[in-house]
Amino acid sequence: MVKSKPTVDEYLKTLNGGRILDVATGTGSCIRLLMAHLKSYDSFTGIDTVFKAVETARKNFSGTNYKFVQMNADELAFRYEGFDTVSVCYSLHHFSSPLTVLLELKRAIKPGGHLLVFEMTRDVTSEPQRMHYLVHTFWAEIDRLYAVPHYETYSSKQLKSMMMKLDMSHMDVILQTEHQQSQDPFDPKIMTSILESIDQCLNKIKAHPMYATYKSKGISIRDQIEKNGFLPAPLLFFCAQK
Ligand SMILES: C[S@@+](CC[C@H](N)C(=O)[O-])C[C@H]1O[C@@H](n2cnc3c(N)ncnc32)[C@H](O)[C@@H]1O
């Protein structure tokens, strides 16, 4: 019998996390995911450049096993090889130089420890998934209008090539699209929140000279999402051992 590849959640159940650093933690969603699925873990340190995110994460997690620090992933203020696991979730496309960050993360992992990378890819497999790519590109362009680093998502090929440059001792890769296919592309809650995100982005740039251009782009994307629905783009997951 051919054994099918595990899902990301199943794969995580086989890993002992130990001391974990979650990079670009935002408000800590990845920590929640790791807590729900890892076989075991000891502690979490989350870092993010945005102070408001760090403050919210501190409120979301209490106890001495959780620490949140405002810090840039380009230059970690941690000693060499201090963590058993380093994770980075849905954030590579937020870094101006993702490879520089990945090399910095490798530095922070102890020998034999793991780097976990979760990243959406632009290799969509359906029209509803393409809507994610389209609206994400719109969000990223609007962030960049105000010099917030946020770029287009990478292809699986680009991500794999970036990860190979780390020269880790072992790497498992899981491309996950199936679990998303079973979702309803017209789920009213998701549709409302995605369509509202377009209006929220446009509200942010009302005073910008490019407002009219982005308003018509926003209307076009809204029409396409209303027609095609919306599904999350595929997830590419890497577990690389140092
Ligand atoms: C899409 S959010 C992902 C948040 C979280 N990892 C998750 O999966 O929900 C991207 C995060 O990256 C953070 N970020 C961007 N550039 C960063 C950098 N150079 N160092 C640390 N955090 C950064 C942003 O502030 C933001 O919170």
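In what sense do β1 and strand β2 pair, and over how many bridges? I began with this pair in the predicted model, and I recorded a parallel pairing over five bridges, with β2 spanning residues 43-48. Within the pair, I found Arg19 opposite Ser43 in β2. I then traced the connection: from β1 the chain passes through helix α2 (residues 29-37) to reach β2, and I noted this β-α-β crossover as right-handed.

**Entry: β1 and its other partner**

I looked up the cover of β1 (residues 19-23) and found the strand mostly covered, with four of its five residues buried. I next examined its pairing with strand β4 (residues 83-89), where I counted four bridges between strands that run parallel. Across this pair I located Leu21 opposite Val86 in β4.

**Entry: the sheet as a whole**

In which order do the seven strands of the open sheet stand? I read the order as β3-β2-β1-β4-β5-β7-β6, and I noted that the pairing is mixed. I marked β3 (66-70) and β6 (170-176) as the edges; each has a single partner strand, so one side of each is left without a neighbour in the sheet. For the twist I recorded an average of 15° from one strand to the next.

**Entry: β2, β3 and the helices on the sheet**

I turned to β2 and β3 and found five bridges joining them, the two strands running parallel. Here Ile47 stands opposite Val69 in β3. Helix α3 (residues 51-60) packs on the sheet and touches β2 and β3, and I noted an angle of about 170° between its direction and that of β3. I then looked up helix α6 (residues 156-164), which lies across β5 (109-120), β6 and β7 (235-241) and runs at about 10° to β7.

**Entry: the ligand shell**

How many residues surround the ligand? I listed 19, of which the closest are Ala24, Gly26, Ser29, Ala73 and Cys89. By class, I sorted the shell into ten nonpolar, seven polar and two charged residues. I also noted that α2 and β2 each supply at least two residues of this shell.

**Entry: Phe61**

I located Phe61 in the loop between α3 and β3. Is Phe61 buried or exposed? I entered it as partly exposed, because 18 other C-beta atoms lie within 10 Å, whereas a buried residue needs 20 or more. Leaving aside neighbours within four places in sequence, I found Phe61 in contact with Gly28, Ile31 and Tyr66. I also looked up its separation from Thr25: the two residues are 36 apart along the chain, and their C-alpha atoms are separated by 12 Å.

**Entry: positive phi angles**

I kept in mind that most residues other than glycine have a negative phi. Against that background I noted Glu81, which is not a glycine and yet has a positive phi of about 55°. I placed Glu81 in the loop between β3 and β4. I classed Glu81 as partly exposed, because 15 other C-beta atoms lie within 10 Å.

I made a corresponding note for Asp167, which is not a glycine either and has a positive phi of about 55°. Asp167 lies in the loop between α6 and β6. Why does Asp167 count as exposed? I found 11 C-beta neighbours inside 10 Å, so Asp167 counts as exposed, the limit for that class being 12 or fewer.

Technical notes
Residues numbered from 1 in each chain as written. Predicted model: local features only at pLDDT ≥ 70, side-chain atom pairs only at ≥ 80, totals over all residues. Pairing = 2+ DSSP bridges. Right-handed = clockwise from strand over helix to strand, strands pointing away. Near = placed C-beta within 6 Å. Nonpolar A, V, L, I, M, F, W, Y, C, P; charged D, E, K, R; others polar. Axes fitted to C-alpha atoms, helices over the stretch in contact; angles between N-to-C directions. Contact = placed C-beta atoms within 7 Å.
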